[in-house]
Amino acid sequence: VNVVMPGFIKSPMTDVNDFPMPFLMSAERAAEIIRKGLAKDRARIAFPWPMAVMAWFVASLSPAILDPLLRKLPKKN
């Protein structure tokens with residue numbers, strides 16, 4: 001089993017977002033990273049690395065801390 005955890009990928013889905021998307025990358029670049037990760041049979045394919053580190057940090061927070069922070073994020077249209 002391989003888990004792919006991408007950051008923001010340029011696509012019609014992200015084109016409608018009106019908020020900052022750090023480390024936005026092309027679908028071609030994302031596909032290459034995923035292809036290489038699958039070829040190495042990595043269990044987790046997380047990229048770009050700054051987003052992977054942030055995701056790890058956020059997942060380590062207590063819900064008592066995390067929930068109020070997440071409520072402040074911009075809403076999706």
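The paragraphs below go through the chain as a whole, then its salt bridges, one loop residue and the largest pocket.

The model is predicted. Four helices and two strands make up the secondary structure of the chain, and from the N terminus these elements follow the order β-α-α-β-α-α. The C-alpha trace spans about 40 × 30 × 20 Å along its principal axes. Of the 77 residues in the chain, 21% are buried. The exposed area comes to about 6100 Å², with 67% of it supplied by carbon and sulfur atoms. Among contacts between residues at least 6 apart in sequence, 52% join residues at least 24 apart.

The count of salt bridges is three. One of them joins the side chains of K10 and D15, at 2.5 Å from N to O. K10 has a relative accessible area of 46% and is therefore partly exposed; D15, with a relative accessible area of 46%, is partly exposed too.

Helix α2 (27-39) holds a network of salt bridges that links E32, R35 and K36. The side chains of R35 and E32 meet at 2.7 Å, N to O, and those of K36 and E32 meet at 3.9 Å, N to O. The spacing along the helix fits both pairs: R35 and E32 are three residues apart in α2, so about one helical turn separates them, while K36 and E32 are four residues apart in α2, so about one helical turn lies between them as well. These residues are partly exposed, with relative accessible areas of 27% for E32, 46% for R35 and 43% for K36.

The loop between α1 (12-15) and α2 (27-39) contains V16. This valine counts as exposed because its relative accessibility is 56%, and the cut-off for exposed is over 50%. V16 lies eleven residues from M5 in sequence, and their C-alpha atoms are 21 Å apart in space.

The largest pocket encloses about 650 Å³ of space. It is lined by 22 residues, of which F8, M51, M54, A55 and V58 are the closest to its centre. Which element gives the most to this lining? It is α3, with seven residues. Helix α3 (49-60) and the strands β1 (3-6) and β2 (44-47) each supply at least two residues of the lining. By class, the lining has 19 nonpolar residues, one polar residue and two charged residues.

Definitions and conventions
Residues are numbered from 1 along each chain as its sequence is written. This is a predicted model: local features need pLDDT of at least 70, side-chain atom pairs count only at pLDDT 80 or more; totals for chains, interfaces and linings use all residues. Side-chain values use heavy atoms; hydrogens and water are left out. On a 1 Å grid over the protein atoms alone, a cavity is a set of points where a 1.4 Å probe fits but cannot get out, and a pocket is an open set with protein on both sides within 12 Å along at least five of seven lines; lining residues have an atom within 4 Å of a point. Grid points are joined across faces, edges and corners, and a volume is the space filled by probe spheres set on the points. Ala, Val, Leu, Ile, Met, Phe, Trp, Tyr, Cys and Pro count as nonpolar, Asp, Glu, Lys and Arg as charged, and the others, Gly among them, as polar. Buried means under 20% relative accessible area, exposed over 50%, partly exposed in between (1.4 Å probe, protein chains only). Contact means heavy atoms within 4.5 Å. Accessible areas come from the Shrake-Rupley method with a 1.4 Å probe; for residues, only the protein chains shown count as cover. A salt bridge is a side-chain nitrogen of Lys or Arg within 4 Å of a carboxyl oxygen of Asp or Glu.
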